[in-house]
Amino acid sequence: EKIMFKNSFKRRVSVALATLMLCSCRSKGGDGIFKRGTYTGVSANGRNGEVKVEVMLSADKIESVTVGENSETAGIADPAIEKIPERIVEAQSLDVDTVAGATITSNAILEAVSDAITQAGADPTKLVANTGDKEVKEETLDANIVVVGGGAAGLATAVSAAYEGETDIILLEKMSSLGGNAIRSGGFIEDLNPGDDRAIEMTDSYTKTIEDMLRAGPQDDDEKTVWDDLVKAYDEYKASGKTTLFDYPALLAIEYHRVEGSDCELNMPYGEIVNTFDDWFINEVGAKMSKMVGIVGYTWPRWTYPTDYTRGNGYFAYLTQYIKDKDFDITIMTETPATELLTDENGAVTGVKAEGADGTIYTINAKKVVLATGGFSANGEMLMEYDTQWGITTPDIKTDNNPGSTGDGITMAQKLGGATAAMDNIMMFPLSTKGNSDVSGAFGFNGSSNLMINTKGVRFVDETASRFEICHAIFEQEEPYYYIISDALNSGVDEMTEEELQKSIDAGVVFKGDTLEELAEKIGVDADTLKATVEQYNTACETSNDELFGRTSFADGSEIVQGPFYATALEPCSHITIGGLVVDDNYAVLTNDGKPIENLYAVGETIVGSCGLSAFAYGKDLGARLANAN
């Protein structure tokens, strides 16, 4: 088939060395290394809990390894679950490479196999002999388009170009699977024109929010450039008699200007670009998307997500299946990071160098190269270098971003004179589970409505404010973490199993109380203070009048009224970087003097002003442009 997931791991083990290794750990009784049988090994150190493996052993050989019961994250952990057992059996050793992007799961599998081997009477530490040097070779490939990065922007670019008729496309991904930051996200993308089947009603609360905004007028000259468009669109909406939620590109542009500091006029085209993607993704690719919801950090509930997959997995499941269904000419090479951009004597980009996990050095000649490697949220040194607002003082700062987001595309382009901008525009995310970077325990994430309290039991911010404002408010508290308070009706517990809930409680991430008094005791706050906070918050929900912080937008069902009650301990972490490479209207990378670097393009979080799942929309746009430019 045309789509080829080419994993470059090809470990070759010397038979003599392997035999020597096995002989070195034979039991003194001479009956072999292991007690024959099938053993179940367990590790408690998986990403989301226990990982169990079944290991079949003969006297002198690991016959098979099968990963069994686990709670690892689908899409991210899958490559480790598939590849680590294969590598152990092939090498007859525990000294195998972990899978890039799934290191925790990889190590948990190795630990569980070690447990099984111990049960079989052998010493697992003797199964870590060096299996020899990897074979190094060189290979030259040719392509019309090379896309560097298999996240939202990269995959959408490749698929869109193929959809428009382009062939000979190679996509390089340094991690073990596609997905990048998007697969770890909540899966939310904007949709300004969802249609009646997915639209929500224009409530009194939303009406008050938009009319208060219009009454206040533009906040600066930048907003004035699109303000008349917004006023006209809202007048037309009211005259139409529609009852579904009002939305418009100018409203999106103004909100993003207020949240992220981006330019309103530059944001205006995005409404059309994202709607083009949504229409294509739903009607051509066949995705099933949710009704509109709100998310933390944005006032307006213009977000949707795939309903039949977890988090961002749906986009990649749909798009990879679409590649197969359409037999697109796309070669996907995982665990193969690009290391260098190739140029001719005039400085035009002619391809890339890349390195496979088996050491193979690829020279890939290409007519066009697209950098879609993401931002640099997982590169602590770069965060420290460019940070001007958060006071980042250690490269060990937590991130909920893809561990592969280390700024590779940005730095490769900079070596060719590529210009960057807004590199200090770093977004922190307020929903990181305290103690790690997982957001799955964020109970009470009721769209953009939730009650946030500090460690004193009181509200400290408008919960629908921008992520920047919320994170700054958290850092101003006596303790730099907080709790989301929810109840039986809006906690999301009904979507979880009892086991999943108990794991979060046992981990000290989620606290449960049948009454507010019991919950207050468990999180160490004064019961009367917590009850008073909840009462004030409920009144604000009912009246859409928040006397403390001026919040006006409340989703239905936001009140905290019915036990049991829950508190989730959360803290900020590095989320996305909004700065990046400067590109022109066709996504061509520009130099500091404003000239395009020939044949080099960039998209997604790699470029300035683009972040989140907007990368799918921009990738769709770029792929079509590249294909139709031929």
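**Close-up views of a predicted model**

**View A. Three cavities of 30 Å³ or more turn up inside this protein.** Keep in mind as you browse that the model is predicted. Rolling a probe the size of a water molecule over the atoms shows where empty space is left. The largest cavity has a volume of about 80 Å³. It is lined by 13 residues, and those closest to its centre are Met175, Ser177, Gly180, Arg184 and Asn402. Sorted by class, the lining of this largest cavity consists of six polar, five nonpolar and two charged residues.

**View B. The second largest pocket has a volume of about 630 Å³.** Which residues are the closest to its centre? Look for Thr209, Met213, Gln219, Arg258 and Thr299, which belong to a lining of 27 residues. Helix 5 (204–216) and helix 7 (249–260) each give at least two residues to the lining of this pocket. Its lining is made up of ten nonpolar, ten polar and seven charged residues.

**View C. Strands 2, 3 and 4 make an open sheet, in the order 2-3-4 and with antiparallel pairing.** Why is one side of strand 2 (37–43) and of strand 4 (62–70) left without a neighbour in the sheet? Each of these strands stands at an edge and has a single partner strand, so one of its sides has no neighbour there. From one strand to the next, the twist averages 20°. Strand 3 (residues 51–57) runs antiparallel to strand 4, and six bridges join them. To find your way along this pair, start at Val55, which stands opposite Val65 in strand 4. In a regular strand the side chains alternate between the two faces of the sheet.

**View D. Strand 5 (residues 138–148) pairs in the parallel sense with strand 12 (residues 361–371).** How many bridges join strand 5 and strand 12? There are ten bridges between them, and Thr140 has Thr363 of strand 12 as its bridge partner. Strand 5 also runs parallel to strand 6 (residues 169–172), to which four bridges join it. Here Val146 stands opposite Ile170 in strand 6.

**View E. Strand 10 (338–343) leads into strand 11 (residues 349–355) through a hairpin.** These two strands pair in the antiparallel sense over five bridges, and Leu342 has its bridge partner, Gly351, in strand 11. Five residues lie between the strands of the hairpin, and Gly347 in the turn has a positive phi of about 90°. Strand 11 and strand 12 also form a hairpin, with five residues between them. In that turn, Gly359 has a positive phi of about 95°. Strand 11 and strand 12 pair in the antiparallel sense over five bridges, one of which joins Ala354 to Tyr362 in strand 12.

**View F. Helix 12 (residues 467–475) has the buried residues Arg467, Phe468, Ile470, Cys471, Ala473 and Ile474.** An α-helix has 3.6 residues a turn, so residues three or four places apart point the same way. What covers the buried residues of helix 12? The cover includes helix 7, strand 14 (426–433), strand 15 (451–453), strand 16 (482–486) and strand 18 (565–577). Phe475 is in helix 12 too. Is Phe475 buried or partly exposed? Its relative accessibility is 37%, so Phe475 counts as partly exposed. Leaving aside residues up to four places away in sequence, Phe475 touches Trp390, Met428, Pro480 and Pro572.

**View G. Glu335 and Tyr587 have a positive phi although Glu335 is not a glycine and neither is Tyr587.** For Glu335, phi is about 50°, and the residue is in the loop between strand 9 (330–333) and strand 10. For Tyr587, phi is near 70°. Tyr587 is in the loop between strand 19 (580–581) and strand 20 (588–590). Glu335 counts as buried because its relative accessibility is 6%. Tyr587 has a relative accessibility of 6%, so Tyr587 counts as buried.

**View H. The peptide bond from Gly563 to Pro564 is cis.** Its omega is near 0°. Where is Pro564 found? Look in the loop between helix 15 (527–543) and strand 18.

Methods: Residues numbered from 1 in each chain as written. Heavy atoms only, no water. Pairing = 2+ DSSP bridges. Axes fitted to C-alpha atoms, helices over the stretch in contact; angles between N-to-C directions. 1 Å grid on protein atoms, 1.4 Å probe; cavity = no way out; pocket = protein on both sides within 12 Å on 5 of 7 lines; lining within 4 Å. Points joined across faces, edges and corners; volume = space filled by probe spheres on them. Nonpolar A, V, L, I, M, F, W, Y, C, P; charged D, E, K, R; others polar. Buried < 20%, exposed > 50% of the residue type's maximum accessible area, 1.4 Å probe, protein only. Contact = heavy atoms within 4.5 Å.
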